[in-house]
Amino acid sequence: MGTFVPDYADLYCERYLSCVDTAVLVFDGVGTLDHCLADVGPPVAEQAKACQFDPEAADACLLSLETMACPAEGTLFEDAVSPSCASVWFECTAGPGADEGNEDAG
């Protein structure tokens, strides 16, 4: 698992802040990198504790975030994140993702 959690949170937030309209960011209270990391990091860290980790999916997820284009207008950012990110976690025993076996990490 290594540095996946902080790497994911950093990349996700960088892309999120660069893609989402400033008014939406302010409305959602996620106008800064620190605010975003505080929202994204803890749930991903909880998944890391409760789930098995697929390193190949994690590598694909991080690469997709690095190269991700901003979603088209009308598409939620979360819906534009690569499906590989939803495959990083599996066989969750408790916490986020426990109900479905795997869950989107962001």
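In which kind of crossing, left-handed or right-handed, does H1 pass H4? Before the answer, a look at the whole chain helps to place these two helices in the structure, which is a predicted model.

The secondary structure of the protein chain consists of six helices and two strands, and when it is read along the sequence these elements follow the pattern α-α-α-β-α-α-α-β. Of the 106 residues in the protein chain, 34% are buried, while the surface that the chain exposes comes to about 6,000 Å², with carbon and sulfur atoms supplying 54% of that area. As for how the chain contacts itself, among contacts between residues at least 6 apart in sequence, 67% join residues that are at least 24 apart.

Two packed helices are described by the angle between their axes and the distance between the axes. Helix H1 covers residues 4-19 and helix H4 covers residues 55-67, and the two pack at an angle of about 25° with their axes 9 Å apart. Because angles under 35 degrees count as roughly parallel, this angle makes H1 roughly parallel to H4. To return to the opening question, the crossing in which H1 passes H4 is left-handed.

The residues that make this contact can be followed from each side in turn: H1 contributes Phe4, Asp7, Tyr8, Leu11, Tyr12 and Arg15, and H4 contributes Ala58, Cys61, Leu62, Leu65 and Glu66. Sorted by class, the contact of H1 with H4 holds eight nonpolar residues and three charged residues, with no polar residues.

Definitions and conventions:
Residues are numbered from 1 along each chain as its sequence is written. This is a predicted model: local features need pLDDT of at least 70, side-chain atom pairs count only at pLDDT 80 or more; totals for chains, interfaces and linings use all residues. Side-chain values use heavy atoms; hydrogens and water are left out. Axes are lines fitted to C-alpha atoms, for helices over the stretch in contact, and angles run from 0 to 180 degrees between N-to-C directions. Helices (H or I, at least four residues) and strands (E, at least two) are DSSP runs, numbered from the N terminus. Angles under 35 degrees count as roughly parallel, over 145 as roughly antiparallel, 65 to 115 as roughly perpendicular and the rest as oblique. A crossing is left-handed if the near helix is turned anticlockwise from the far one by less than a right angle, and right-handed if clockwise. Contact means heavy atoms within 4.5 Å. Ala, Val, Leu, Ile, Met, Phe, Trp, Tyr, Cys and Pro count as nonpolar, Asp, Glu, Lys and Arg as charged, and the others, Gly among them, as polar. Buried means under 20% relative accessible area, exposed over 50%, partly exposed in between (1.4 Å probe, protein chains only). Accessible areas come from the Shrake-Rupley method with a 1.4 Å probe; for residues, only the protein chains shown count as cover.
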